Amino acid sequence: NGPTSVVPAMSPQRLIAVWPKRFRTIPEASRYARNPERLANFVYAGWLGNGDEMSRDGWRYRGRGAIQITGRANYTAIGEMLEQNLINTPDMLLEPKWAALSAAAFWARNGINELADKDDCVAVTKKVNGGTHGLAERERYLVKAKEVLCVGVGSGGGAAGDDSHVSRFLKKSDAEAFAKSHRHYGQPSRVTPDEVPDSVFK
């Protein structure tokens, strides 16, 4: 399968519901309805290091990888950490190995491990999504994961600030092994442009 857009084909009504300050009428929304590329260029313009709508950065640097790296600024930073030119080859993050490595790099760069060790779902969700979209689902998965691992919720997953189990994925050999058993990570998750806060358009 080739690269799959993380940007959904929304109806005019859905666009108005998601971004009421940006799309006020059906005719306005219809210009971007069911056109993921045009919508991404519009919605992500001037956000996360992207240029304006005409730059097409919104579509070029849409969410990819296990953690959905989004925006020119993130592609630049993660690319530097991985010593890869993601700005010119963003579709690398659709490959299982780089999908896993980019997620680990984002996790480490943003200090998420310490938050995860405290079971702070709200803080982790904000770091990853920029808001609290998907919080309830993430909390359910945390409880389930703790049950499977026989670890009590609230006990944390290790010593605060210990990035050993994250940074090991920054080793290519480990990442490749991880990626082989998680090939679905190269596909988009349910993160969508809904994550762009409407306040961006005030």
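**View 1. Phe23, a buried residue in an aromatic setting.** In this predicted model, Phe23 counts as buried because its relative accessibility is 2%, under the 20% limit for that class. A search of the whole structure turns up 6 aromatic pairs. One of them joins Phe23 to Phe42: their ring centres are 5.5 Å apart and the planes meet at 55°, a tilted arrangement. Phe23 sits in the loop between helix H1 (12-18) and helix H2 (26-30), while Phe42 belongs to helix H3 (residues 36-43), so this pair ties together parts that are 19 residues apart in sequence.

**View 2. Phe42 and its stacked partner, Tyr32.** Let us stay with Phe42, which is buried too, at 9% relative accessibility. How are the rings of Tyr32 and Phe42 arranged? Their centres lie 4.3 Å apart with 15° between the planes, so the pair is stacked. Tyr32 is part of the loop between H2 and H3, and Phe42 is in helix H3, so here the pair ties together parts 10 residues apart in sequence. Tyr32 counts as buried, with a relative accessibility of 4%. Widen the view a little and Trp19 joins in: Trp19, Phe23, Tyr32 and Phe42 make up one aromatic cluster.

**View 3. Thr70, in the loop that leads to helix H5.** Thr70 is located in the loop between helix H4 (57-60) and H5. Is Thr70 buried or exposed? With a relative accessible area of 12%, Thr70 is buried. Its side chain reaches the backbone oxygen of Gln68 at a distance of 3.0 Å. Beyond its neighbours within four places in sequence, Thr70 is in contact with three tyrosines, Tyr44, Tyr61 and Tyr75, and also with Leu48, Arg62 and Gly63.

**View 4. Arg72 and the residues around it.** Arg72 is a member of helix H5, which covers residues 72-82. Its relative accessibility is 29%, so Arg72 counts as partly exposed. Which residue makes a polar contact with the side chain of Arg72? The side chain of Asp57 does, at 3.3 Å. Setting aside residues up to four places away in sequence, Arg72 touches Asp57 and Tyr61, along with Leu48, Gly49, Asn50 and Ile87. Tyr61 is 11 residues from Arg72 in sequence, yet the two C-alpha atoms are 5.8 Å apart in space. Leu48 and Tyr61 may look familiar, since Thr70 in the previous view is in contact with them.

**View 5. A nonpolar patch at the surface.** Now for the outside of the protein: Val148, Leu149 and Val151 form a nonpolar surface patch, and together they have about 280 Å² of accessible area. Val148 lies in helix H9 (residues 135-149). Val148 counts as exposed because its relative accessibility is 60%, over the 50% limit for that class.

**View 6. Stepping back to the whole protein.** To close, here is the full model. The protein has 11 helices and 0 strands, so that every element from the N terminus on is written as α. Of its 202 residues, 38% count as buried. Among contacts between residues at least 6 apart in sequence, 53% join residues at least 24 apart. The protein exposes about 10700 Å², and carbon and sulfur atoms supply 51% of that area.

Conventions:
Residues numbered from 1 in each chain as written. Predicted model: local features only at pLDDT ≥ 70, side-chain atom pairs only at ≥ 80, totals over all residues. Heavy atoms only, no water. Helix = DSSP H or I, 4+ residues; strand = E, 2+ residues; numbered from the N terminus. Buried < 20%, exposed > 50% of the residue type's maximum accessible area, 1.4 Å probe, protein only. Contact = heavy atoms within 4.5 Å. Polar contact = N/O pair within 3.5 Å; in protein donor to acceptor, adjacent residues only side chain to side chain. Patch = residues over 30% accessible without salt bridge, like charges linked within 9 Å, V, L, I, M, F, W, Y side chains within 5 Å. Areas by Shrake-Rupley, 256 points an atom, 1.4 Å probe, with all protein chains shown as cover. Salt bridge = Lys/Arg side-chain N within 4 Å of Asp/Glu carboxyl O. Phe/Tyr/Trp six-rings, centres within 6.5 Å; stacked < 30°, edge-to-face > 60°.
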